[in-house]
Amino acid sequence: MEEQVRVPPGATGLYRAMLVKSASMYSEIQRERPELGNIMAHPDYIDGNPDLIKPKKLLNPVRASKSHQELHRELLMNHKRGVGVESKPELQRVLEHRRRNQLIRQRKEEEEAKKLTSPFEQELMKRQQRLDQLEREEEKQEENAPEFIKVKENLRRTSTLTGAEKVA
């Protein structure tokens, strides 16, 4: 095998042995590899049949866009001039850093406000829920009440309103 492998004339010892070993492994891989031509189907347009329409390569819409071309041109010009992409003015970098930190702080405060409700707020929420439940029960009782009781309640309301209007 060593005769088949071309080894540089200055290679001796361990370096030579490693070159021969890697070359022999590569040649074994090449021998074991099946022919891809036998596995893959050949496309019809390679035959040169003039009746067939040959496929054209599709355009990448991103690369075809005007903004991408301008950006690429600007990057090439900056590279030629030696201006780095990350060379923003220091003031702009500081302002962006502050904005980013402010947004992070604001999000953390909102999350803490959602998580930490004071015991007073919790008690108020419980009372509100109880009052809502009582109102729903009263509405159900009023719906189930006989018609004459509903009419009587309506009459009381109208009579108190008219009396209050006379006073005012």
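I'll start in helix α7, residues 147-167: R156 and E153 sit three residues apart there, so about one helical turn separates them. Their side chains meet in a salt bridge, at 3.5 Å from N to O. As for exposure, R156 has a relative accessible area of 44%, so it counts as partly exposed. E153 falls in that class as well, with a relative accessible area of 34%.

Before going on, a caution: what you see is a predicted model. Every number I quote is computed from that model.

Now the overall picture. How many helices and strands does the protein chain have? There are seven helices and zero strands. Read along the sequence, the pattern is accordingly α-α-α-α-α-α-α. The protein chain has 168 residues, and buried ones make up 4% of them. Its accessible surface is about 16,900 Å², and carbon and sulfur atoms account for 56% of that.

Back to the charges. How many salt bridges does a search of the whole structure find? The count is two. One of them I have already described, between R156 and E153. Another joins R130 to E123, where the closest N and O atoms are 3.8 Å apart. On the arginine side, R130 is partly exposed, at 46% relative accessibility. On the glutamate side, E123 is partly exposed too, at 36%.

Next, the glutamates on the surface. E135, E137, E138, E139, E142 and E143 gather there in a patch of negative charge. Take E135 as an example from that group. E135 belongs to helix α6, which covers residues 119-144. Its relative accessibility is 47%, so E135 is classed as partly exposed. A residue needs over 30% relative accessible area to enter a patch, so E135 passes that cut-off.

The last residue on my list is N78. Which helix holds N78? That is helix α4, residues 66-81. Is N78 buried or exposed? N78 is buried, because its relative accessible area is 17% and the cut-off for buried is under 20%. The side chain of N78 also has a partner: it makes a polar contact with the side chain of R81, at 2.9 Å.

To recap the contacts: R156 with E153 at 3.5 Å, R130 with E123 at 3.8 Å, and the polar contact of N78 with R81 at 2.9 Å. Apart from those, keep in mind the patch of negative charge that includes E135. That is what I have for today.

How values were computed. Residues are numbered from 1 along each chain as its sequence is written. This is a predicted model: local features need pLDDT of at least 70, side-chain atom pairs count only at pLDDT 80 or more; totals for chains, interfaces and linings use all residues. Side-chain values use heavy atoms; hydrogens and water are left out. Helices (H or I, at least four residues) and strands (E, at least two) are DSSP runs, numbered from the N terminus. Buried means under 20% relative accessible area, exposed over 50%, partly exposed in between (1.4 Å probe, protein chains only). A polar contact is a pair of N or O atoms within 3.5 Å; within protein, one must be able to donate a hydrogen and the other to accept it, and residues adjacent in sequence count only if both atoms are side-chain atoms. Patches are made of residues with over 30% relative accessible area and no salt bridge: like charges are joined within 9 Å, nonpolar side chains (Val, Leu, Ile, Met, Phe, Trp, Tyr) within 5 Å. Accessible areas come from the Shrake-Rupley method with a 1.4 Å probe; for residues, only the protein chains shown count as cover. A salt bridge is a side-chain nitrogen of Lys or Arg within 4 Å of a carboxyl oxygen of Asp or Glu. Lys and Arg count as positive and Asp and Glu as negative; His and the chain ends are not counted. The place of a charge is taken as NZ of Lys, CZ of Arg, CG of Asp or CD of Glu.
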